[in-house]
Amino acid sequence: MSGIYLHIPFCKQACYYCDFHFSTLLKRKTEMINALIEELVLRKDENKGESIETIYFGGGTPSILSNEEITVLIQTITAHYTVVENAEITLEANPDDLSTKKIKELASSPINRLSIGIQSFFDDDLKFMNRAHTASESKKCLSKALKYFDNITIDLIYGVPNMSCEKWLANLEQAFAFGVPHISSYALTVEEKTALHSFIKQGKVPPIDEKLALEHFNILVEQCEKQGFVHYEISNFGKPGYFSKHNKSYWLGEKYIGIGPSAHSFNGVKRSWNVSNNAKYLKEIQENKLPSQFEILTVNNRFNEYIMTGLRTVWGVSFDTIEKEFGALYLEQLKTNVQPFIDKGLLKIQHHSFSNNTLITTKKGKFLADGIASDLFLVDEV
């Protein structure tokens, strides 16, 4: 099984914290859609024999696409790839795009999952982030969307400067009140070359408070568990049956094809990525060339990626998989390297009578999972 990701590189305005690839100039949108269609056709034999289980419209802001544009992209995929019945087809959307008319149109399209970028239910936070929508629009669009879509996830951001724990809790309680079955929640991070990075350097905005972010994270975990959500990946909480199949495939090392400028692909041994420039992307595609670079992953690369993704998830790192995929020496090395983290209560070995042992992060270690993983990376070949 594999998935297809389509990067829609347009936004109405730039959020201060965002470093994803996009343009606020929409005049080449039609040209871009045609190029995405062309790339899909050019790459139709790439993962031959693999069935497509998920299709994901990301960005950028995919909800600026018309129903006709969404439909033609999906039709291109179904015409040139083997798509399973009832494939998960997700569209990322901003609340200001989700009018009643738009929601009804999407509900009549093959889209069956919405990922809505709420970020906060408070106007002052949205202004701080330079989001294009208001808190009122968030609530209205969610009320409408839930009438037409069963499978909805919302994004929320925590660790925002000056956001109290009480305010963060109020954000979560608002989400719970709507009854959404999935929440993706991320700590605000400062990426270079973003407006937020510049504001902090100039002293206009206080720096990110890691202690506050940890407090928010602990509230998030505790409250979501109380509401019956499964904390299946560091930033993702789903009710049973509502995990993101598409994102889960990334974390479990499955194959995927990334279409569009800046999109990444993975076929099990090779990782490739398209140029992060709309004009260059369009020019290359128009010349029937793939605007991408690639790297063949070494055994160490694959081992390190498995450790990174595994420790972020509820499935953890399987000792059996390490031995089968990388060899006994890698397993021995890992067992030696993890001991200090087990002693500190950050990692634990889950013993399964029915299968092999699995290394997972403890509640205490979850927030630190990426740092722990990087400490376990191997630089030299074993």
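These notebook entries record what I looked up about aromatic rings and one pocket in this structure.

**Entry 1: aromatic pairs**

I noted at the outset that the model is predicted. I then looked up the ring pairs, taking two rings as paired if their centres lie within 6.5 Å. The count came to 15 aromatic pairs.

I chose Y232 and F243 for a closer look. Their ring centres are 4.0 Å apart and their planes meet at 5 degrees, so I entered the pair as stacked; the cut-off for that class is under 30 degrees. I next asked which parts of the chain this pair ties together. Y232 belongs to strand β7, residues 230-233, while F243 is in the loop between β8 (236-238) and α9 (245-251), so the pair joins parts that are 11 residues apart in sequence.

Are the two residues buried or exposed? Y232 is buried, because its relative accessible area is 0%. F243 has 22% relative accessibility and therefore counts as partly exposed.

**Entry 2: an edge-to-face pair**

I turned to F303 and F326, which form an edge-to-face aromatic pair. I recorded 5.6 Å from centre to centre and 90 degrees between the planes. F303 lies in helix α11 (residues 299-312) and F326 in helix α12 (residues 319-326), so this pair ties together parts that are 23 residues apart in sequence. Both F303 and F326 are buried.

**Entry 3: a cluster, and charges over rings**

I looked up which residues are joined into a cluster by ring pairs, and found Y158, W168, F217 and F367.

I also searched for charges placed over rings. K239 lies over the face of F229, 4.8 Å from the ring centre. The charged end of K270 sits over the ring of F294, at 4.8 Å from its centre.

**Entry 4: the second largest pocket**

Rolling a probe the size of a water molecule over the atoms shows where empty space is left. I used this idea to examine the second largest pocket, which holds about 180 Å³ of space. I counted 15 residues in its lining, and those nearest its centre are E225, H231, V314, T361 and K366.

Which elements give two or more residues to this lining? I listed α8 (210-226), β7, β15 (358-361) and α14 (363-366). Strand β7 supplies the largest share, four residues. I recalled that Y232, from my first entry, lies in strand β7.

Finally, I sorted the lining of the second largest pocket by class. I recorded seven nonpolar, three polar and five charged residues.

Terms used
Residues numbered from 1 in each chain as written. Predicted model: local features only at pLDDT ≥ 70, side-chain atom pairs only at ≥ 80, totals over all residues. Heavy atoms only, no water. Phe/Tyr/Trp six-rings, centres within 6.5 Å; stacked < 30°, edge-to-face > 60°. Buried < 20%, exposed > 50% of the residue type's maximum accessible area, 1.4 Å probe, protein only. Lys NZ or Arg CZ within 6 Å of the ring centre and 35° of its normal. 1 Å grid on protein atoms, 1.4 Å probe; cavity = no way out; pocket = protein on both sides within 12 Å on 5 of 7 lines; lining within 4 Å. Points joined across faces, edges and corners; volume = space filled by probe spheres on them. Nonpolar A, V, L, I, M, F, W, Y, C, P; charged D, E, K, R; others polar.
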